[in-house]
Amino acid sequence: MRLEGKVAIVTGSSTGLGRAIAVLFAQEGARVVVNADRNVAGGQETVAMIRDAGGEAIFVQASVASSQDTKRLVQSAVEAFGRVDILVNNAGIEIRGGVLTLTEEDWDTMLGVDLKGIYLCSREAIPEMIKVGGGSVINVASVLSFDVIPERAAYCAAKAGAIHLSKSIALDCAQYNVRCNALAPGAFHTPLLEQSMIDSGDYEGTMEFLKAKSVFGRMGENEELARAALFLASDDSSFVTGSVLNCDGGWFLG
């Protein structure tokens, strides 16, 4: 098992991509801290899935946009499992709107979760990684870190920022043997994307558009992204830092 003896925090792991990552990490031997802010039932379900399969996990309700919550999240991991080796900054939200329609509150909320959350969680977790000789930070960005679609001003800004924040963490923390990489998924049929397709007003058309963005003509399976995250979390990627791993089905090839 590639993560035997490791402790991983996976934010936003009550459903979707985060859940798939948490479950796979547990299967690979990690003890996992499952996190969500609002979807408590989903987070507890993720823990139950891990435990039912023989793994170890706890659930911590916390907002990644809160400095007090992120401190408690990491402290809970240390209290439960004694250390932190891996942080997956996966928590994210999406609020539709361009600069002419987004409210200031919407902008602050989006950036607070999708970008500031990476900073706050990393600030708390990396010192614990240093104590055990190093670790791996994985920031879930997006193909929209590089591309844009209509009415996603704050989302695209946050995800673009996540790339350079990842590189900055990688540069600053290499001296401590802490690696940091970004993972850029394309279209995966998660609850977040499901709601986005509903909100588009053209569910079927949006789905076909997203399928067509992959050279495989389909959306990704959550487990496919989880396996990419596993590579970045494990010693298989021991000489990889400051990189962006696109898991997008060839989004930019067409």
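How many of the six residues of strand β2 are buried? Hold that thought for a second, and keep in mind that what we're looking at is a predicted model.

Okay, so find residues 31–36, which make up β2. Five of those six residues are buried, so the strand is largely enclosed by the rest of the structure. "Buried" here means under 20% relative accessible area.

Now let's see who sits beside it. On one hand there's strand β1, residues 7–10, which runs parallel to β2 and is joined to it by four bridges. If you want a pair to click on, take Val-10: its bridge partner in β2 is Val-34. To get from β1 to β2, the chain goes through helix α1, residues 16–27, and that β-α-β crossover is right-handed.

Then there's strand β3, residues 57–61, also parallel to β2, with five bridges joining the two. Here you can look for Asn-35, which stands opposite Val-60 in β3. Between these strands we have helix α2, residues 40–52, and together β2, α2 and β3 form a right-handed β-α-β unit.

While we're on strands, one general thing to remember: side chains in a regular strand alternate between the two faces of the sheet.

Let's go back to α1 for a bit. Does it come out mostly covered or mostly open? Mostly covered, with 11 of its 12 residues buried. Among the buried ones are Leu-17, Ile-21, Leu-24 and Phe-25, and Arg-19 is on that list too. We can also do a quick sanity check on its length. At 1.5 Å a residue, the 12 residues should span 16 Å, and the C-alpha atoms at the ends are 17 Å apart, so the two agree. Just past the end of the helix, have a look at Gly-29, which takes a positive phi of about 105°.

Last stop: empty space inside the protein. How many cavities of 30 Å³ or more are there? The count comes to one, and the largest cavity holds about 30 Å³ of space. Its lining is made up of Thr-11, Val-64, Asn-89, Asn-90, Ala-91, Val-113, Gly-117 and Ile-118. Sort those by class and you get four nonpolar, four polar and no charged residues. The largest share of the lining, three residues, comes from helix α4, which covers residues 104–131.

So, to wrap up: β2 has five of its six residues buried, with β1 paired to it by four bridges and β3 by five. That's it from me!

Definitions and conventions: Residues are numbered from 1 along each chain as its sequence is written. This is a predicted model: local features need pLDDT of at least 70, side-chain atom pairs count only at pLDDT 80 or more; totals for chains, interfaces and linings use all residues. Side-chain values use heavy atoms; hydrogens and water are left out. Buried means under 20% relative accessible area, exposed over 50%, partly exposed in between (1.4 Å probe, protein chains only). Two strands pair if DSSP finds at least two bridges between them. A crossover is right-handed if, with the strands pointing away from the viewer, the path from the first strand over the helix to the second runs clockwise. On a 1 Å grid over the protein atoms alone, a cavity is a set of points where a 1.4 Å probe fits but cannot get out, and a pocket is an open set with protein on both sides within 12 Å along at least five of seven lines; lining residues have an atom within 4 Å of a point. Grid points are joined across faces, edges and corners, and a volume is the space filled by probe spheres set on the points. Ala, Val, Leu, Ile, Met, Phe, Trp, Tyr, Cys and Pro count as nonpolar, Asp, Glu, Lys and Arg as charged, and the others, Gly among them, as polar. The expected span of a helix is 1.5 Å times one less than its number of residues.
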